[in-house]
Amino acid sequence: MTDYNLVYTLDGKVYINLTNSCTNDCIFCIRSIKDDVVGANLFLNTENVSADDVIEQLEALKDKLSDEIIFCGYGEPMLKLDVLKQVAKYIKEKYPDKKLRVNTNGHANYVYKRNVVPELKGLIDEFSVSLNGEDEKEYNELSKPNFENAYEEVKKFIKACADADINVTATVVEGYKGRHLNLNKCEEIAKSLGAKFRVREWIENGY
Ligand code: SF4
């Protein structure tokens, strides 16, 4: 039995929190601001998380499972690709009506040096990808990626989702400490990549 929050509920939805690692260091990341998302402590005491650990916590919440289950926590879920796939497969087999979404920074294809999106076809119903800006300069200022050309990688990832015919939404965080983005331009970029577009208003208390 694990004693940390791999699975948590927020506003009636169930979320899966696989890692505290990330290839970005966004200035608005709640990891660095507070240690809970509306009451759920999402700091893991190990990065050595197995699919069985996650499934155990998921089953403990089985009466509360929402129609949509989201991989999203204090870190980048695609960094735990194998665990994510195993958990998604389990959910799809046991609860075929549930929709699965991954909230991601879109760096996975860079990290794994291959296009991993087709591997998730049939497992993941939607990707929500943080576009976080209208160009590389803005992206780097806001997201502080730990490798070069990350903005291009994010755009390529979004297009890879659309090409694989998986629903994809590009998101931006608007209004961080009074900072405003060119939302029309961001939306144009999202649409040109085959994605929907969503603005997430920055809120002090997290996502
Ligand atoms: S991509 Fe998400 S988890 Fe990673 S630093 Fe940015 S806000 Fe935090």
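This tour goes through a predicted model in steps, each giving a selection and a description of what is found there.

**Whole protein**

Begin with the full C-alpha trace, which spans about 45 × 35 × 30 Å along its principal axes. The radius of gyration is 16 Å, and this agrees with the value near 17 Å that a compact globule of 207 residues would have. Colouring by secondary structure shows six helices and nine strands. Buried residues account for 35% of the 207 residues. If a contact map is at hand, consider the pairs at least 6 apart in sequence: 81% of these contacts join residues at least 24 apart.

**The ligand shell**

Next, select the ligand and the residues around it: C22, N24, D25, C26, C29, R31, G75, E76, N105, S130 and S143. By residue class, this shell divides into three nonpolar, five polar and three charged members.

**The nonpolar core**

Now turn to the largest nonpolar core, a set of 50 residues. Which residues have the most contacts inside it? They are I16, V129, L131 and I158. The element that gives the most to this core is α5, with seven residues.

Centre the view on V129. With residues up to four places away in sequence left out, V129 touches T104, G106, V154, F157, I158, V168, A170 and T171. Of these partners, V154, F157 and I158 are among the buried residues of α5.

**Helix α5**

Select residues 150–163 to isolate α5. At 1.5 Å a residue, its 14 residues should span 20 Å, and the end C-alpha atoms are indeed 20 Å apart, so the two values agree. Within the helix, the buried positions are A150, Y151, E153, V154, K155, F157, I158, A160 and C161; E153 and K155 are included in that list. To see what these buried residues pack against, add α3 (108–112), β7 (126–130), α4 (136–143) and β8 (167–174) to the display.

**Backbone on either side of α5, and beyond**

The next stops concern the sign of phi. Most residues other than glycine have a negative phi. N149, which is not a glycine, has a positive phi of about 65°. N149 lies in the loop between α4 and α5, and it is classed as exposed because 11 other C-beta atoms lie within 10 Å. Just after α5, D165 also takes a positive phi, of about 60°.

Move on to K177, in the loop between β8 and α6. K177 likewise is not a glycine and has a positive phi, here of about 45°. Is K177 buried or exposed? K177 is exposed, since its count is 8 other C-beta atoms within 10 Å.

**G194**

The final selection is G194, in the loop between α6 (183–192) and β9 (196–201). G194 has 15 C-beta neighbours inside 10 Å and therefore counts as partly exposed. Leaving out residues up to four places away in sequence, G194 touches K159, A162 and V168. V168 is also one of the residues touched by V129. To finish, draw a distance from G194 to A170: the two are 24 residues apart in sequence, and their C-alpha atoms are 9.5 Å apart in space. A170, too, is among the contacts of V129.

Definitions and conventions: Residues numbered from 1 in each chain as written. Predicted model: local features only at pLDDT ≥ 70, side-chain atom pairs only at ≥ 80, totals over all residues. Near = placed C-beta within 6 Å. Nonpolar A, V, L, I, M, F, W, Y, C, P; charged D, E, K, R; others polar. Helix = DSSP H or I, 4+ residues; strand = E, 2+ residues; numbered from the N terminus. Expected span 1.5 Å × (residues − 1). Buried ≥ 20, exposed ≤ 12 C-beta atoms within 10 Å, placed from the backbone. Contact = placed C-beta atoms within 7 Å. Rg over C-alpha atoms; globule rule 2.2 N^0.38 Å. Core = buried A, V, L, I, M, F, W, Y, C linked by C-beta atoms within 7 Å.
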